[in-house]
Amino acid sequence: MRKAACALFDGAVNNLFASVAESLDVCAVVEEKINAMDVKELEKLVLSVMKKELNAIVNLGALIGLILGVVMIFV
């Protein structure tokens with residue numbers, strides 16, 4: 001009985017989630033919010049994201065370089 005109830009609940013949640021996801025157009029909401037932003041605010045947002053991601057890439061490159069350097073010492 002418990003398995004049947006869990007299966008019924010899972011089915012109901014999946015159906016509800018699917019219908020909500022179909023009715024909510026995330027792309028349109030995001031596009032509307034971006035279009036409503038000021039150019040300076042949007043530039044600041046993009047630059048902050050770029051800075052964070054670029055730092056991650058630089059740190060990953062340093063880590064890979066360190067690993068390869070240590071491996072080359074022993075090879």
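Student: Before I57 is placed, what counts as a helix here?

Tutor: This is a predicted model. Helices are DSSP runs of H or I, numbered from the N terminus. The minimum length of such a run is at least four residues.

Student: Which helix holds I57, and where is confidence highest in the protein chain?

Tutor: The mean pLDDT of the protein chain is 87, with 97% of its residues at 70 or more. Confidence is lowest in helix α1 (residues 2-23), at a mean of 78, and highest, at 94, in helix α3 (residues 39-74). I57 lies in helix α3.

Student: Is I57 buried or exposed?

Tutor: The relative accessible area of I57 is 57%. The cut-off for exposed is over 50%, so I57 is exposed.

Student: How far is I57 from R2 in space, C-alpha to C-alpha?

Tutor: In sequence, I57 and R2 are 55 residues apart. From C-alpha to C-alpha, their separation in space is 49 Å.

Student: Is V70 exposed or partly exposed?

Tutor: V70 is also placed in helix α3. Residues between 20% and 50% relative accessible area are partly exposed. V70 has 38% relative accessibility, so V70 counts as partly exposed.

Student: What is the area of the nonpolar surface patch that includes V70?

Tutor: Among the residues making this patch are L60, L63, I64, V70, F74 and V75. The area of the patch is about 1100 Å².

Student: How many disulfides does the structure hold?

Tutor: C6 is partly exposed, at 42% relative accessible area, whereas C27 is exposed, at 61%. A disulfide needs a pair of cysteine sulfur atoms within 2.5 Å. The number of disulfides in the structure is zero.

Key: Residues are numbered from 1 along each chain as its sequence is written. This is a predicted model: local features need pLDDT of at least 70, side-chain atom pairs count only at pLDDT 80 or more; totals for chains, interfaces and linings use all residues. Side-chain values use heavy atoms; hydrogens and water are left out. pLDDT is the predictor's confidence in each residue, from 0 to 100. Helices (H or I, at least four residues) and strands (E, at least two) are DSSP runs, numbered from the N terminus. Buried means under 20% relative accessible area, exposed over 50%, partly exposed in between (1.4 Å probe, protein chains only). Patches are made of residues with over 30% relative accessible area and no salt bridge: like charges are joined within 9 Å, nonpolar side chains (Val, Leu, Ile, Met, Phe, Trp, Tyr) within 5 Å. Accessible areas come from the Shrake-Rupley method with a 1.4 Å probe; for residues, only the protein chains shown count as cover. A salt bridge is a side-chain nitrogen of Lys or Arg within 4 Å of a carboxyl oxygen of Asp or Glu.
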